[in-house]
Amino acid sequence: MNWPELADKCIMPMASRRQAITLVRGQGVRVWDDAGKEYLDLVGGWAVCTLGHCHPVLVKAIAEQAQTLMHISNQFYSIPQTRLAELLVKNSCFAKAFFCNSGAEANEGMVKLARKYGKLKLGGAYEVITALNSFHGRTLAMVAATGQPKYQEAFTPLTPGFVHVEFNNAQAIKKAATRNTCAVMLEPIQGEGGVNIPDDGYFQEVRAFCDERGLLLMFDEVQTGLGRTGSLFAYEQLGVEPDAIALAKGLAGGFPVGAFLAKAPCAVLAPGDHASTYGGNPLACAAAIAVLNYTLERNLPQHAKEMGSHFLARLQALKGRFPFIQEARGRGLLLALQFKEDLADAVQEACTRRGLLVNRLRPSALRFMPPLIITRDEVDEGVDILEKALAEVGRK
Ligand code: PLP
C-alpha cells in the first residue's frame, strides 16, 4: 500500500513530508516504518514523547484509565484531573491549573486570563507584548501572537491586541509598553524560532519591569517545559518566576493535553469565562500523571541536562570537522545545528536513509528534541550517523 499517495490525496497538507515515511510502530527511542526499517528518533514527535514511544508505564496508565472512566464533562469533579492539578502546583510556583488539549489552546487561554486581569486590575488594558521569531501556535489569536510574518500573511486581518518586539532586548519591551499593555508573553528559549537562548539577565530585567508596571509576565513553556531543558520548567534556571505558564507537548508524553498554570493573584477566571469539552478529561490526566510521576521519580530533568551536555559537546566537536557548520546551540535536550548554507534538507535526507530521524528547523538548521529517556549510547549512535550524513553532504 502506498500510504503517502493515499494520504496526500485525502488529507490537507500540514507539515511538508519531504521524506514520505509512514511510521507504524515505536519502542523507546526507536520507530519502524511500514517496510520494517528501523530509525533512531531524535524528533520525538516534536518534543512530545517524554518517555519515548510506548513506554510501559504510560501504556498501563492509559489502558487502566480507559477501562475505568474515559471522559466526563467538566460539570463534574474528576480524581485524575484533581490529582494532576495538585501535582503541577506542588512542583511549580503556581497555585492553579486550567486544562485544555494543545499548546495553542494553552496560550490562548493564558491570553484570555491576561485580558481579564487587565479588565479587572489594569483599567481595561488588553495588549500583550510578544517577541519577534516567537511561536505560540496556530489558532487565529496565536497566529497574531506569533512574531513571524510567514505564519500570518495568508490569514489577515490578524486578531488585534499583540505587539511584537525584538527577542533578548528588555529595552524594546519597555519602549513598547503603553497604558494598554496587560502582559508580556515569552518563550524562555525560542524553540520553533531557532532554538534561540537569550542572554543572562534578560528575564530579570523584564520581570523587574513587569513588577514595576503591574504587568503579567507569562511564559510559553509548551516546548521548554516538563524537563526538556534540564529542569522541570525552564523558568527555574532563569532566576525569575513568571505569573503564568503554558504547557502542552511533553505533558502526557504523546497523549494530547495542554494546560496553563497561574499564580493566585492572576488566577482570575470564573466559571463560564473559559472552558473546554475535552480539557482535562480523566484519560488525558491519567496519562499526564503517569508521565509527570515518572519524570520526577527518575529525575528526568537532570538526565536531560546530562544527556544534553554530552549531545551538545559532540555537536560542537563536529564544527571542527565540517567547515559548513556555523554553530551548535541548545540547552538540555532542545538542540540545534546551524549551517552556514541551506544544507538542512540534504543532511536530513542523508540521515533518514541511514536510519536517523532529525527535524529540519530552517533551510539552514536542524533541531533535535529526542525523548528524555535517551541514553548516552543512543546519543552517540545518533551523532555517529549524523557525522556520516554530514560527510556525505560535504563531499557533494
Ligand atoms: N508554543 C510553542 C513554544 C510551541 O513550540 C508550539 C508548537 O510547536 C506551540 C506553542 C503550539 O503547540 P500546539 O501545536 O500543541 O498547538
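Contact, on this tour, means heavy atoms within 4.5 Å. What you have open is a predicted model, where local features need pLDDT of at least 70 and side-chain atom pairs count only at pLDDT 80 or more, while totals for chains, interfaces and linings use all residues. Residues are numbered from 1 along each chain as its sequence is written, and side-chain values use heavy atoms, with hydrogens and water left out. Helices (H or I, at least four residues) and strands (E, at least two) are DSSP runs, numbered from the N terminus.

**Stop 1: helix α4**

Select residues 79-90. That's α4, 12 residues that reach 16 Å from first C-alpha to last, close to the 16 Å expected at 1.5 Å a residue (the expected span is 1.5 Å times one less than the number of residues). Now color P80, Q81, L84, A85, L87 and L88: these are buried, where buried means under 20% relative accessible area, exposed over 50% and partly exposed in between, with a 1.4 Å probe and protein chains only. Look down the axis of α4 and the buried residues fall within an arc of 160°, so they line one face of the helix; the arc is that of the directions from the helix axis to the C-beta atoms. Over on the other side of α4, I79, R83 and K90 are exposed.

What do the buried residues of α4 pack against? Show α3 (56-66), β4 (96-100), β9 (244-247), β10 (258-262) and α9 (282-297), and you have the partners. Before leaving, zoom in on S78, which caps the N-terminal end of α4 with a side-chain oxygen 3.1 Å from the backbone nitrogen of Q81. That is a polar contact: a pair of N or O atoms within 3.5 Å; within protein, one must be able to donate a hydrogen and the other to accept it, and residues adjacent in sequence count only if both atoms are side-chain atoms.

**Stop 2: helix α3**

Step over to α3, where L58, A61 and Q65 are buried. Down the axis of α3, these buried residues fall within an arc of 65°, so they line one face of the helix. They pack against α4 and α9. Turned away from that buried side, P56 and K60 are exposed.

**Stop 3: the seven-stranded sheet**

Show the strands and trace the order β4-β10-β9-β8-β7-β5-β6: seven strands in an open sheet with mixed pairing (two strands pair if DSSP finds at least two bridges between them). At the edges stand β4 and β6 (162-165), each with a single partner strand, so one side of each is left without a neighbour in the sheet. Neighbouring strands are turned by 20° against each other on average, direction ignored. Axes here are lines fitted to C-alpha atoms, for helices over the stretch in contact, and angles run from 0 to 180 degrees between N-to-C directions.

At the β6 edge, select β5 (residues 127-131): four bridges join β5 to β6, and the two run parallel. A131 has V165 in β6 as its bridge partner. Then add α5 (residues 103-121), which lies across β4, β5, β6, β7 (181-186), β8 (216-220), β9 and β10, running at about 175° to β8.

**Stop 4: L217**

Is L217, in strand β8, buried or exposed? Buried, with a relative accessible area of 0%. Among the residues L217 touches, not counting those up to four places away in sequence, are V184, L186, V206 and C210. Draw a C-alpha to C-alpha distance to V128 and you should get 9.7 Å, for a pair 89 residues apart in sequence.

**Stop 5: loops with something odd**

Go to the loop between α6 (140-145) and β6 to find P157, joined to T156 by a cis peptide bond with omega of about 0°. Next comes N168, in the loop between β6 and α7 (170-176). N168 has a positive phi of about 65° although it is not a glycine, and is partly exposed at 29% relative accessible area.

The loop between β7 and α8 (202-213) holds V195, another non-glycine with positive phi, near 55°. V195 counts as buried, at 0% relative accessibility. Q190 is found in the loop between β7 and α8 too, and is buried at 1%. Q190 touches V195, A131 and F167, among others, and a polar atom of the Q190 side chain lies 2.9 Å from the backbone oxygen of L132.

**Last stop: a hairpin**

Select residues 325-331 and 334-339: β11 and β12, paired antiparallel over six bridges. R331 stands opposite L334. Two residues sit between the strands of this hairpin, and G332 in the turn has a positive phi of about 60°.
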